[in-house]
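Colleague: I should like to go through this model with you. May I start with a few short questions?

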Amino acid sequence: MPNQFSLAYLTVLGCSPPEMTYMAAKAGYDFVSLRPIYMGLPGEPNYALAENKQLMRETKSAMSETGVKLLDIELARIYEGVDPKRYLSAMEAAAELGGRHVLSSIWTDDRNFGIECFAELCDLAKPFGLTIELEFVPIASVYNLKGAMDVLHTANRENAGLMIDIHHFHRSGDKVEDLEDVPREWFRYLHLCNASAEIPSSKEEMTRVLREERLYLNEEGIDVASIINRIPQVPYSIELPNVKRANELGYEEFARQCLQTAKQYLDKHPRKKYVSHDAVGQDQLRFHSTR
């Protein structure tokens, strides 16, 4: 099947949902990944679709006109004292727009509270036909693959999944081989991007790079292919914020170049898949090109 791509919010930070949708269509994306959950971050507008009926109508119209669909919404953060029900209205808006997934991450060190909230999120999302996708973030409380898998195994919800961000996976220090132990049904989409191979030593620099200086896939940096080769074929949400390039090119051209360079990279690194086991019967992934 051909690859499918979504334009993620951070790539065109500050653009409204209708703007993003028209931009995605012009650039050749299949989906958009919106942020209708207001996070109150400096410089970020409030695009809470559930509270802004005019914006909701404009977003619906943009999707109807362009055929671009909603892949996911963000970000249902779990933090100390949060009530997961605060995300209900955003879930309802996502379902109304035909969305599939809700992105979540955990920012509390209270393991039990974090898992309880995540499980409740899943239960709240189920009637809307939505899944809750857990993203581990190297500056958050759940910061690596092991922590995310602990949450998913313990919560044990059928509409829970794992969303791998290429930047975060590399920064976490996880091994690509560990992805082979993840249940295949947990993968529903991923964040596609690149970054410098050198891992920043400070949280401040890590945060700056992940929000301001990610790289095109065809530039030197992370071995992206080694990661995506161990994940089933899923839609790629291109989350590639780069403030300098966006300012130089404008968001529409920048979004187009993000997509074009991603396609070029993926063409040069064709997907591989599992084909056999080793002679002693222990699972061992051996790959071959599907092209």
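Colleague: Which residue is the bridge partner of Ser6 in S9?

Modeller: The partner is Ser237. Please keep in mind that this is a predicted model. Ser6 itself belongs to strand S1, residues 5–8, and S1 pairs with strand S9, residues 236–238, in the parallel sense over three bridges.

Colleague: Is Ser6 buried or exposed?

Modeller: Ser6 counts as buried, because its relative accessibility is 0%.

Colleague: What does the side chain of Ser6 make a polar contact with?

Modeller: It makes one with the side chain of Ser33, at 2.8 Å. In addition, a polar atom of the Ser6 side chain lies 3.4 Å from the backbone oxygen of Phe31.

Colleague: And which residues does Ser6 touch, not counting those up to four places away in sequence?

Modeller: Ser6 touches Tyr29, Phe31, Val32, Ser33, Leu71, Tyr236, Ser237 and Ile238. Ser237 in that list is also its bridge partner in S9.

Colleague: Turning to the sheet, in what order do the strands come?

Modeller: The order is S6-S5-S4-S3-S2-S1-S9-S8-S7, which gives an open sheet of nine strands with parallel pairing.

Colleague: Which strands stand at the edges?

Modeller: Strand S6 (160–162) and strand S7 (164–165) do; each has a single partner strand, so one side of each is left without a neighbour in the sheet.

Colleague: Which strands does helix H5 lie across?

Modeller: Helix H5, residues 145–155, lies across strand S4 (101–106), strand S5 (131–134), S6 and S7. Its direction is at about 170° to S6.

Colleague: What about helices H1 and H2: at what angle do they cross?

Modeller: The axes of H1 (residues 17–27) and H2 (residues 53–66) cross at roughly 10° and come within 8 Å. The two helices are therefore roughly parallel to each other. On the H1 side the contact is made by Pro17, Pro18, Thr21, Tyr22 and Ala25; the H2 residues involved include Leu55, Glu58, Ala62 and Met63.

Colleague: A change of topic: how many disulfides does a search of the whole structure find?

Modeller: The search finds zero. Cys15, for instance, is in no disulfide, and the nearest cysteine sulfur, that of Cys258, is 12 Å away.

Colleague: Why is there no bond between Cys193 and Cys258?

Modeller: The sulfur of Cys193 has its closest cysteine sulfur in Cys258, but the separation is 9.9 Å, which is too far for a bond.

Colleague: Are Cys15 and Cys193 buried or exposed?

Modeller: Cys15 is buried, with a relative accessible area of 6%. Cys193 is buried as well, with a value of 0%.

Definitions and conventions
Residues are numbered from 1 along each chain as its sequence is written. This is a predicted model: local features need pLDDT of at least 70, side-chain atom pairs count only at pLDDT 80 or more; totals for chains, interfaces and linings use all residues. Side-chain values use heavy atoms; hydrogens and water are left out. Helices (H or I, at least four residues) and strands (E, at least two) are DSSP runs, numbered from the N terminus. Buried means under 20% relative accessible area, exposed over 50%, partly exposed in between (1.4 Å probe, protein chains only). A polar contact is a pair of N or O atoms within 3.5 Å; within protein, one must be able to donate a hydrogen and the other to accept it, and residues adjacent in sequence count only if both atoms are side-chain atoms. Contact means heavy atoms within 4.5 Å. Two strands pair if DSSP finds at least two bridges between them. Axes are lines fitted to C-alpha atoms, for helices over the stretch in contact, and angles run from 0 to 180 degrees between N-to-C directions. A disulfide is a pair of cysteine sulfur atoms within 2.5 Å. Angles under 35 degrees count as roughly parallel, over 145 as roughly antiparallel, 65 to 115 as roughly perpendicular and the rest as oblique.
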